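This report covers the contacts, fold, core and surface of the protein shown below.

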Amino acid sequence: MGETAAARFKPGQRVRVKDARPERIARLHLRTPHYVRGRMGTVARALGTFPNPEDIAFNRPATPRVLYHVLFDQPPVWNEGEAGDTLLIELFEHWLEEA
């Protein structure tokens, strides 16, 4: 596991997942689920710095990026569940922006 000192976001910080659709422009390998793009979440913790799998999938040099656990309220994401139900998703920093 890599370094977390360079993490831009801190535990408890609200973030927004970029509402991007780069797969419409080119063939890509993305780990960011469609159902959280554009959604607000809360950083649970930084997991470390890892080579970007979006590059590794195409045998390109992979820039190390910080990976986070981000917590989302489940009902607004899937239109089901009860208050207090959550989703915990691993997201790379380049997909997150300050909320």
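## Contacts and model basis

Among the contacts (heavy atoms within 4.5 Å) with a separation of 6 or more, 59% join residues 24 or more positions apart.

The model is predicted: local features need pLDDT of at least 70, side-chain atom pairs count only at pLDDT 80 or more, and totals for chains, interfaces and linings use all residues. Residues are numbered from 1 along each chain as its sequence is written, and side-chain values use heavy atoms, with hydrogens and water left out.

## Fold and dimensions

Two helices and five strands make up the secondary structure, as DSSP runs numbered from the N terminus (helices H or I, at least four residues; strands E, at least two). Their order along the sequence is β-β-α-β-α-β-β.

The radius of gyration, taken over C-alpha atoms, is 14 Å, which agrees with the value near 13 Å for a compact globule of 99 residues; that rule is 2.2 Å times the number of residues to the power 0.38. Along the principal axes, the C-alpha atoms fill a box of roughly 40 × 35 × 20 Å.

## Core

Of the 99 residues, 31% count as buried (under 20% relative accessible area, 1.4 Å probe, protein chains only). The largest nonpolar core (buried Ala, Val, Leu, Ile, Met, Phe, Trp, Tyr and Cys joined through side-chain atoms within 4.5 Å) has 16 residues. Strands β1 (14-17), β3 (64-73) and β4 (86-92) each give two or more residues to this core, and β3 gives the largest share, four residues.

Tyr 68 is among the residues with the most contacts inside the core. Beyond four places in sequence, Tyr 68 has contacts including Phe 9, Val 43, Leu 47, Ile 89, Leu 91 and Leu 96.

Key: Buried < 20%, exposed > 50% of the residue type's maximum accessible area, 1.4 Å probe, protein only.
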